[in-house]
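Let's work through a few short exercises together. Have the structure open beside you and try each task before reading its solution.

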Amino acid sequence: MRGRSDGGQKKRLITSVVIVAIFFGFLYAYRGSIFGSSNHAMEYGKSLRKLGSSYLGGDEDTDGKQDESSQFGHDEGEDDVVPKSFPVCDDRHSELIPCLSRDLIYQMRLKLDLSLMEHYERHCPPPERKYNCLIPPPHGYKIPIKWPKSRDEVWKANIPHTHLAHEKSDQNWMVVKGEKIVFPGGGTHFHYGADKYIASIANMLNFTNNKINNGGRLRTVLDVGCGVASFGAYLLSSDVITMSLAPNDVHQNQIQFALERGIPAYLGVLGTKRLPYPSRSFELAHCSRCRIDWLQRDGILLLELDRLLKPGGYFAYSSPEAYAQDEEDLRIWKQMSALVERMCWRIASKKNQTVIWQKPLTNDCYQEREPGTLPPLCHSDDDPDAVWGVPMEACITPYSDHDHKAKGSELAPWPARLTAPPPRLADFGYSIEMFEKDTEIWRKRVESYLNLLSTKIQSDTLRNVMDMKANLGSFAAALKDKDVWVMNVVSEDGPNTLKVIYDRGLIGSTHNWCQAFSTYPRTYDLLHAWTVFSDIAKKGCSGEDLLLEMDRMLRPSGFIIIRDKQHVIDFVKKYLTALHWEAVASADANSDSEQDGDEAVFIIQKKLWLTSAFFVTGNRGLLSLSVSGSLLYSWKLDLDSLGILDAYEPACFHYRNEILG
């Protein structure tokens, strides 16, 4: 009897060993088939190649010049290698912002002046230090909550940072409730809600019916040091659009929260460089206890706001200094009051801890100042609309003769200004007829896009939209009746049409698409790229770099509309599998307008993919395989006989993999 028992146990042991061996063999094979070459994030030093060349093939010693055979429009050989997959960045890079990375600053030992906030300004990695990999979403990532519900709540898993909820717990910025983070609408200066605070500002200015939009005359706002952007969020219901601005600083992920909520926002800082917006962009600038030293460097930061404000624009400043209760506050208030008086700002209203100054409508005050008064007027050859990498200057930007005589911006109230030809059209030699034709062409194009997307989107599918080459902003204007907002991007080296875009009551930023954009990963639902690839090809920049950057900015299940030459479309199609993108629709661009040449339209959707873990756990009598907490398989085994649980209980083996959904 004992012999038979030992024989049975031996058979069970052999069977268990074979099953476990088969299981781990299956696991190894499955892992390898999914990963291919993307087991780990690519190390520094592997730069992507130029447009039209493959990611893996070809020589690297091109001396920075693009080989003619690799440019768009040339046939590629059959031996050219296209990656089946891109490497996936390590999980710690799930919130990577390449040009605003603190790690890069440390690694490159950049000598920056922290007191001037230079470490919060853009510093892009050189090609040899780029992370050429796909940015993974955080563990447990979910498709974002839809607007307008998202204004008040987001999934905690999508931005797993609760630091602000604790630090600002007495100010109602945000509250953690189970799986969600809730935004009650509070702020440092408006504990009882942004809506009441906004109403009080309108009341202070005696605006029509105490409405902040003042009958459509106030449309564009800059909120400096915006926190989680509740001020901008509550302005939207009044048809006022806000560029909420804050740096990637110790207030963890405030701009990421804003964009996750569906609120217009941008990562930036008042440091040493001009903000990427043209002169006379905003009707109101706002700072609520934003901890900015406005007196530094001869008032250079206030003078940057002055550049950005339209004639007669307002600066609402809520801070203890406006109330001046103690000696230090009183000192700051006196110095600040003297500075803005020399800048020709006047107090429009003052109440409690809020003061609102107004910028003059004409040059009269500037001309009446005593000779030698500081700050001086800017030199006549200074271009107030040049912003990309341009240092701030401590000088006042006077109005042109035309603007001085006009005594105002000459803009129609919103929403009429969206389609009314702006006065600054003449700066580019555009006629009214050209403007109206452009508006109509893009109306037809957007209508065609929406028809192509009709089976994929519903009324609440899209919220955060980016037009990567906005020109006059007519793409955004065509979306006016949709519940979306558009970040209009204008190239740093082309016609500076961004000032026309702001005159239309829209918002946007200057940018160079050879670099990464100043935003967090997964922040846009739709990217529109009209000839953007063709444009960067002329600069010799990498198309694959741009593809990875677009993937970084795009939310899972988001869309890309590429309108470009056919060979550009063919180039992009080669990388769909590697990027986990899916073709949605394509069309001949000639079908929706009359001036496209050989342009084509290609629409893509980004799949939801997650980096996760295989967990193999053993309890006595059971071996289980789970992925992200979901049980996939289980085997009944006599694990005691294997002896592996005597020392380890439970036994756990961690495998990193991509899960497509």
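## Exercises on the disulfides and the sheet

The link of C344 and C365 is left-handed, with -80° about the S-S bond. Keep in mind that this is a predicted model.

**Exercise 1.** Find where the two cysteines C344 and C365 lie in the chain, and decide whether C344 is buried or exposed.

*Solution.* Start with the bond: the sulfur atoms of C344 and C365 are 2.1 Å apart. Next, place the partners: C344 sits in the loop between α8 and β9, while C365 belongs to helix α9, 21 residues apart. Finally, check accessibility. Buried means under 20% relative accessible area, so C344, at 8%, counts as buried. C365, at 29%, is partly exposed.

**Exercise 2.** Work out the handedness of the link between C378 and C395, and say which parts it ties together.

*Solution.* A disulfide joins C378 to C395, with 2.0 Å from S to S. The angle about the S-S bond is 90°, and this link is right-handed. Both cysteines lie in the loop between α9 and α10, so the pair ties together parts that are 17 residues apart in sequence. C378 is buried at 10%, and C395 is buried at 6%.

**Exercise 3.** Trace the strand order of the open sheet and name its edge strands.

*Solution.* Walk across the 7 strands: β6-β5-β4-β7-β8-β10-β9, with mixed pairing. The edges are β6 and β9, each of which pairs on one side only. Now look inside the sheet: β4 and β7 run parallel, joined by 3 bridges, and L222 stands opposite A285 in β7. Helix α7 packs on this sheet, touching β4, β7 and β8.

Notes: Residues are numbered from 1 along each chain as its sequence is written. This is a predicted model: local features need pLDDT of at least 70, side-chain atom pairs count only at pLDDT 80 or more; totals for chains, interfaces and linings use all residues. Side-chain values use heavy atoms; hydrogens and water are left out. Two strands pair if DSSP finds at least two bridges between them. Helices (H or I, at least four residues) and strands (E, at least two) are DSSP runs, numbered from the N terminus. Contact means heavy atoms within 4.5 Å. Axes are lines fitted to C-alpha atoms, for helices over the stretch in contact, and angles run from 0 to 180 degrees between N-to-C directions. A disulfide is a pair of cysteine sulfur atoms within 2.5 Å. Buried means under 20% relative accessible area, exposed over 50%, partly exposed in between (1.4 Å probe, protein chains only).
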